[in-house]
Every structure is written in C-alpha cells, then in structure tokens.
Amino acid sequence: MKRLTLTLCLASSLAASPLMAADASNADSPTADYRKQWHSDILIGYQGLATQSQDLANQVEAYCQTPSPKGLEQTKQAWLEAFLAWQQVRFVDFGPVEQDNRAWQFQFWPDPKNLVARKASYLLKDDAQITPAKISESGVAVQGFPMAEYLLYDQALNNGERALPANRTCKLLLAVTNHIADNSETLVSDWSGFQNSYIGSDQYTDTTIRAAMAGLEILEERRLANPMGLRGNAKRSVYSADAWRSEASLIAADASVRGLKQHFLPAFSRLLKDREQTDLAERIAQQFDEVLANFPELDRPMAPLLADDNAFKSLQSLYIDVTQLTALVNDRAAVELGVVRGFNSSDGD
Amino acid sequence: MKTMFRPALLALTIAAAISAGCANTTPSDSAASEPATKASVVEHYANLAHAGYEDALITAKALNEATDQLLANPSDANMQAAKEAWLAARVPYQQTEVFRFGNAIVDDWEGQLNAWPLDEGLIDYVQADDYQYELGNAGATANIIESNNINVGGETLDVTNLTPELLANLNEVGGSEANVATGYHAIEFLLWGQDLHGFEQGSGERPITDYATGTDCTNGNCDRRADYLDAVTDLLVSDLEWMVAQWAPGASDNYRSQLMNANANEGVQKMLFGMGSLSLGELAGERMKVALEANSYEDEHDCFSDNTHNSHYYNGQGIQNVYTGDYRRVDGSLVSGPSLSDLVEQNNPELNARLNAQLDASMKALGMMKAKAESSQNPMPFDMMIAPGNAKGASVVNRAIMALVEQTGSIEQAARQLGLEALSPDDAGHSF
C-alpha cells in the first residue's frame with residue numbers, strides 16, 4: 001500500500017529550504033516566464049483554498065452555536081467546497097506545502113486501517129480540553145479534511161450519542177477546521193514569499209512538471225484503479241478511494257483535473273508550443289476536456305458504480321480517459337521536454 | 001562463487017581494501033583485481049543476493065526446528081528459543097529487501113514472506129476492542145485457527161487441513177493485501193500475539209499455554225494453532241529454497257542466468273533502483289514517516305515483537321551492501337567483490353566518497369534507533385518513538401529519515417554518472 005501524498009519528493013528536498021534565497025541571475029532565464037505564470041496560477045488556487053477553508057470554519061462555528069438540520073447540511077456543503085478547493089491544488093508537492101508535512105495535514109490518505117476513526121474516538125473520549133495545541137500535537141490523521149469528514153459524515157458516529165451537534169464533537173470539528181483554515185492561510189503567505197526563489201530557479205520548471213505528472217499518476221493508479229479493483233488480485237472496494245464517507249471520491253477527481261487544467265496547463269501549454277510541440281499541446285488540452293466531459297454526469301457516489309457491472313462502465317470510460325491524459329503528459333510530453341523522473345515517494349510498496 | 005573468509009577485524013565499509021586484499025583466490029576475486037566493470041559488478045550483485053537468500057534460508061531452517069521443538073514440548077524455554085530464532089532470521093532477510101525493487105521475480109514472490117501490515121484476526125483470536133482491521137476486509141476476523149470452515153465475503157472455504165499449500169492459497173484471500181496468512185509476520189503473531197500496549201512499553205504476550213495440549217490449552221484450538229505454526233514455518237523454508245535457486249550460479253534456466261545474459265546496464269539500473277526505492281519511498285517514507293507523522297503503531301513493521309528497529313536497521317544495511325559489494329554473512333564471513341562503489345570511483349571519486357559517507361551516516365542514524373530501542377536502561381522501541389508528543393523519539397526517527405533522503409540524492413547522481421538517466425524500469429523504452 002502506498003501513500004502517494006507523501007511529500008518526501010527528492011528534487012525539492014535537495015533544493016534545501018524552499019525559501020532559500022533567490023538566485024537573481026536566473027530571474028531572466030528563458031523559462032522564468034513560465035514559472036511566473038505558474039506561481040500566479042497556483043497562488044489563485046491557494047487563495048481559493050484559504051477562502052473556502054475560512055468559510056468552513058465560520059460555518060462550523062455558526063452551526064455549533066445554533067444547531068439545526070439545515071445548518072448541518074450547510075456545514076457539509078462548506079466542507080465539500082473547501083475539500084474540492086484542496087483537490088484543485090493537491091498536485092503541488094513542492095515548496096511551502098512540503099513544510100511540516102502540510103500536504104498530509106490537509107489530507108492524510110490512504111487510511112486503510114481507519115486511523116481517523118481511532119484518533120477521533122480517542123479524542124472524543126478523552127477529558128482533556130481540545131485546544132489548538134492539542135490538534136497540533138495529535139498527528140496528521142487528526143489535522144485535516146478526512147477528520148472533519150469523519151465527524152460530519154461517519155454513519156456509526158452519527159448514529160451514536162456523540163453525533164453532531166454533541167458538545168465535544170462540535171469542539172473537535174471546530175478545532176480541526178480552524179487548523180485547516182490556519183494552514184491554508186499560512187500556505188498563501190508562504191507561497192507568496194516563495195515567489196522569488198521559485199521564479200529564480202530553473203530547476204523548478206521540471207519540479208512543477210513532475211508534480212503534475214505525479215498528480216495524474218496518483219489519480220489514475222490510486223484514486224481510480226485501486227478502488228476499481230484493477231490492480232493485483234484486489235477486489236473492488238470503495239474504501240480504497242478517498243472521501244468515501246462523503247461519497248465525494250469522483251467529484252474530487254473532477255476537481256483535481258480541473259485544478260490541473262486551471263493552475264498547471266496554461267503555462268505548460270505555452271512551454272510546449274514554444275518548443276514547437278503545438279500539436280501535442282493541443283492534444284493534451286483536448287484530452288483534459290475529454291476527461292472533464294465525464295462530469296457532471298459522474299458527480300455521483302462511487303460505491304453503487306462499483307457494485308453494478310453496468311454502472312461500472314461509466315467509471316471505466318473515465319478511467320480510460322484519465323490513462324490517455326496521463327500517457328500524453330507523463331510519457332509523450334515529459335520525453336519531449338526531457339523531464340526525467342527520479343526517485344519519489346511513489347516507489348516502494 | 002562467493003568470497004568467504006573471516007577477517008574478524010575488518011570493517012564493512014572499506015570495500016576497496018577488501019577487494020584488493022582477497023585477490024586471486026576465487027574467480028570473483030580475480031575479477032576484483034582488474035578494474036571493476038558493469039558486468040563484473042552485476043555478477044557480484046547476484047552473488048550478494050545468493051548469499052543473502054542462503055543466509056535467510058539457513059536461519060529460517062533454524063526457526064523451523066525451533067518451532068518444531070516448541071510444538072513437541074511447549075515450554076517457556078522453547079518459546080524463548082523460537083522467538084530468538086525468529087529474531088535471528090530477520091537479520092539476513094531484511095538485508096535482502098533491497099533486491100525486491102527492480103527485480104520483479106522477488107517483488108512478485110515476497111508478499112508470501114514479508115507482507116504487512118496484516119489483519120491478524122484472519123489467523124487467530126484477537127482482542128476485538130483493540131483490533132483495527134483494514135476497512136472493507138471481509139476476511140479480517142475469519143479466524144482460520146478457530147474452525148474448519150471460514151467465510152470470506154460470502155464464500156465458504158474448507159480450512160480443515162492446515163498445509164503449507166493451503167496457507168499459501170489463503171494469502172490475500174478475498175482480494176485484500178491485509179489478509180496475510182503466511183510469512184514472517186504471521187509467524188511473529190503466532191509466537192508473540194497481539195501487542196496490546198499501544199504506545200506503552202511492552203510487546204505481544206501470547207501465553208505459552210496457547211500451545212498446550214488437553215485441558216491446559218488456553219484460547220482454544222491449540223492443536224490447530226500448532227498445525228498452523230508448523231505449516232507456516234515449513235512454507236517459509238520452501239519459499240526461500242526456491243529463491244536461493246533463482247540466484248544460484250551454474251544454472252542455465254534461473255533468474256541469475258537471465259540477469260547475466262541481459263545488458264549489464266540493466267543490471268546496474270536494477271541495483272541503483274533497488275537502493276533508491278528502498279531508501280526513499282519504502283523505508284524513509286512508508287515504514288517510518290507515515291508511522292511517525294500519523295502517530296500510528298498500526299504502521300509499525302514488526303508490531304507484535306517490537307523488533308521494528310532491527311527491520312529498519314538491516315534494510316539500511318542491505319542498501320549499503322549493494323553499493324559497497326560487501327556482505328557480512330550470518331556465520332561471520334565476508335562476501336566481497338566488484339562494486340558500484342568501484343565503478344563510481346573510476347569516474348567521480350568525490351561522488352563516491354560522498355555517497356559512502358552518506359551510507360555510513362544512515363547506518364549511524366539507524367544504529368542510534370537500534371541502540372535506543374535495545375537500551376538496557378530505558379528502552380524506547382519504535383512504537384514508543386512515534387508516540388504523540390515524544391520529541392526525543394521523533395528526532396531519532398527523523399534523523400534516520402533525513403539521512404536516507406540525502407543518500408537517495410547521491411544514488412540518483414551515481415545513476416547519471418554511470419550513464420543511466422531513467423531509473424524507473426517503466427521508462428526503459430523511452431529515449432531520454
């Protein structure tokens with residue numbers, strides 16, 4: 001089992017601190033212009049995450065002060081919007097998001113042994129006050145979207161006495177969503193501060209392309225092929241997907257592809273065209289649209305699609321579209337651009 | 001052919017001196033007196049693998065005998081001897097894990113020997129309120145030992161006769177990787193039992209009477225538990241015999257002969273790919289960073305015996321072995337020969353020195369983890385190191401992670417230095 005979200009990515013680890021001093025001599029390098037655009041496009045994504053995360057925390061506070069069934073639905077909707085904002089920028093696996101395992105803090109996944117439930121049960125039974133410090137020291141399984149999702153959606157929890165709006169469950173949800181909001185705000189400011197070193201350093205061009213390649217590979221292999229039972233002798237299992245509790249696995253995949261299209265593709269297309277790969281750039285752009293054409297039709301829970309062979313076909317066509325996109329970016333384009341993949345956290349078991 | 005001699009005082013790291021010092025005694029030594037070539041380095045790599053799997057087999061046979069003794073006479077002393085045999089068997093096996101990545105024949109085979117984490121409720125009784133199994137695993141509480149028929153996901157399976165073949169077929173039953181019916185960790189569970197101590201001091205405490213006969217038997221089905229342990233240790237031995245044969249010299253139809261007949265660049269690529277993949281993704285990432293950052297003892301490698309520090313330590317040793325060409329066998333003798341280190345030295349002595357220093361630094365960091373875990377004063381095993389709020393423990397683990405990350409960077413450079421741009425075997429067909 002692999003946790004591909006692990007940000008031990010070597011390229012950026014070797015770059016010492018991501019906040020290292022900018023190399024001004026590279027600021028006018030031929031590729032700096034692409035990085036300038038990537039920096040700005042990714043910043044927009046991070047700002048969206050920060051806004052949605054703050055909205056989520058505010059909504060939780062309002063709901064817990066005056067609980068109502070409608071308020072709970074609004075809170076779930078706020079969770080989903082913030083989670084989808086994260087999905088859009090989830091591919092960025094370098095720079096400030098690497099610090100303090102922030103990517104894992106946002107989304108610890110996969111979690112086959114249900115660590116989220118175990119940690120939640122421990123924190124809900126404990127008498128100690130739930131403080132920001134308590135969340136900070138409780139590990140990545142407590143600190144992000146999957147924990148908030150568990151508290152909002154888990155059936156066993158919500159059929160029991162600790163169901164929302166139980167006092168302690170509310171406090172935990174508020175502390176977790178505040179942690180997410182703080183992290184995303186810090187991410188925006190750190191990413192802004194990262195601008196000079198990012199634009200000034202040529203190596204970040206390959207790093208950015210590799211991040212998109214890894215994001216596509218994770219989507220294809222871990223987020224689709226695994227739950228679809230396409231690897232090894234594994235059976236179909238929705239528990240291998242992310243966000244199965246909220247039934248948002250597929251809408252999250254949609255968001256990740258849209259995120260790549262908005263925050264990665266524009267500068268990447270330009271780079272390809274400048275290297276006289278106009279046809280390839282256009283094919284990639286078309287393939288993004290092919291993948292996205294599966295939605296909103298496929299904005300549905302994954303479990304029923306896994307349970308029914310006929311319904312499964314719609315998943316298969318999404319999967320095929322994604323594999324074609326991955327092949328175009330990871331094989332064709334990377335080879336044309338000479339982007340070499342080194343060891344990364346996806347090696348191993 | 002292996003080079004075997006017993007220079008008790010020779011340090012493992014002085015590869016060049018060793019290679020020179022043992023020249024002209026065996027074919028592989030005479031090769032060592034010549035400048036190393038990719039072909040001679042790959043051949044010696046096969047020697048290292050062969051010696052490693054032979055040692056794994058030798059120690060697995062000793063484990064098998066010790067468990068037979070235990071079953072014939074279930075005493076505390078025999079249980080202790082079986083546990084010690086298991087711990088000894090881990091030492092060579094963990095050093096062979098570096099051969100997994102890049103050699104599909106090993107990777108496809110090893111799940112039956114070293115798969116983890118496992119849902120041990122498939123095998124035997126567990127304390128339900130402290131047992132978190134893989135979500136959706138229909139076999140997680142099947143308890144093979146408890147009955148002659150188990151039901152996994154609606155399918156009923158006859159498990160009356162607990163033979164090695166049956167257990168091999170039950171591995172990953174129901175399509176879940178967590179259904180580990182065989183291998184080191186299944187044996188570990190049958191010896192130690194579930195570790196119910198969480199982040200506290202202490203490992204599994206299976207009572208010896210779980211193997212008692214008649215009315216002394218605790219937790220039921222002692223005869224079937226004994227049959228299981230007998231079969232699963234037999235299977236480990238036969239699996240290792242098969243892998244030793246794959247790496248044995250002088251055969252024309254085994255994996256070694258395929259490797260020797262292929263382009264030497266492919267072999268060198270496998271060596272570096274194995275070193276880098278185990279260093280970064282597997283050992284630093286999956287086995288340490290996940291457990292640490294999530295404070296998750298479910299992600300502890302040898303969780304029943306609390307031997308995780310040794311599993312990590314000998315994984316690291318295996319990586320160093322492949323680079324230096326040296327392997328200290330379980331009988332104390334040393335295997336040495338033409339190495340990657342020799343090749344890099346020919347082209348870039350500075351890189352070679354750096355990578356050797358980084359491999360030493362990793363072993364030092366892993367050695368610190370081992371020393372803390374085995375300290376006679378205040379032992380801190382891995383599951384305590386990763387406890388929430390244990391800053392000292394976290395720093396021990398983090399130092400090992402960082403050292404492994406650093407050495408991986410130099411492994412990538414070594415690959416480029418040796419003319420291998422794409423390390424991933426998947427990319428072999430592309431013109432990088």
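**Strand pairing and the hairpin of chain B.** Two strands are taken to pair if DSSP finds at least two bridges between them, and in this predicted model strand 1 (residues 149-152) of chain B and strand 2 (residues 155-158) of chain B are joined by four bridges and run antiparallel. Within this pairing, B:I150 stands opposite B:L157 in strand 2 of chain B. The hairpin that the two strands form has two residues between the strands, and B:G153 adopts a positive phi near 55 degrees there.

**Crossing of helix 10 and helix 15 of chain B.** The axes of helix 10 (residues 264-293) of chain B and helix 15 (residues 391-417) of chain B come within 9 Å and cross at roughly 160 degrees. Helix 10 of chain B and helix 15 of chain B are therefore roughly antiparallel to each other, and their crossing is left-handed.

**Residues at the contact of helix 10 and helix 15 of chain B.** On the side of helix 10 of chain B, the residues that meet helix 15 of chain B include B:L272, B:M275, B:G276, B:L280 and B:L283, while helix 15 of chain B contributes, among them, B:V397, B:I401, B:L404, B:V405 and B:I411. By class, this contact between the two helices has 16 nonpolar, four polar and two charged residues.

**Overview of chain B.** The secondary structure of chain B comes to 15 helices and four strands, and of the 432 residues in chain B, 56% are buried. Among the contacts in chain B with a separation of 6 or more, 70% are accounted for by residues 24 or more positions apart.

Definitions and conventions. Residues are numbered from 1 along each chain as its sequence is written. Chains are lettered from A and ligands numbered from 1 in the order in which they are written. This is a predicted model: local features need pLDDT of at least 70, side-chain atom pairs count only at pLDDT 80 or more; totals for chains, interfaces and linings use all residues. Axes are lines fitted to C-alpha atoms, for helices over the stretch in contact, and angles run from 0 to 180 degrees between N-to-C directions. Angles under 35 degrees count as roughly parallel, over 145 as roughly antiparallel, 65 to 115 as roughly perpendicular and the rest as oblique. A crossing is left-handed if the near helix is turned anticlockwise from the far one by less than a right angle, and right-handed if clockwise. Two residues are in contact if their C-beta atoms, placed from the backbone, lie within 7 Å. Ala, Val, Leu, Ile, Met, Phe, Trp, Tyr, Cys and Pro count as nonpolar, Asp, Glu, Lys and Arg as charged, and the others, Gly among them, as polar. A residue is buried if 20 or more other C-beta atoms lie within 10 Å of its own, exposed if 12 or fewer, and partly exposed in between; C-beta atoms are placed from the backbone.
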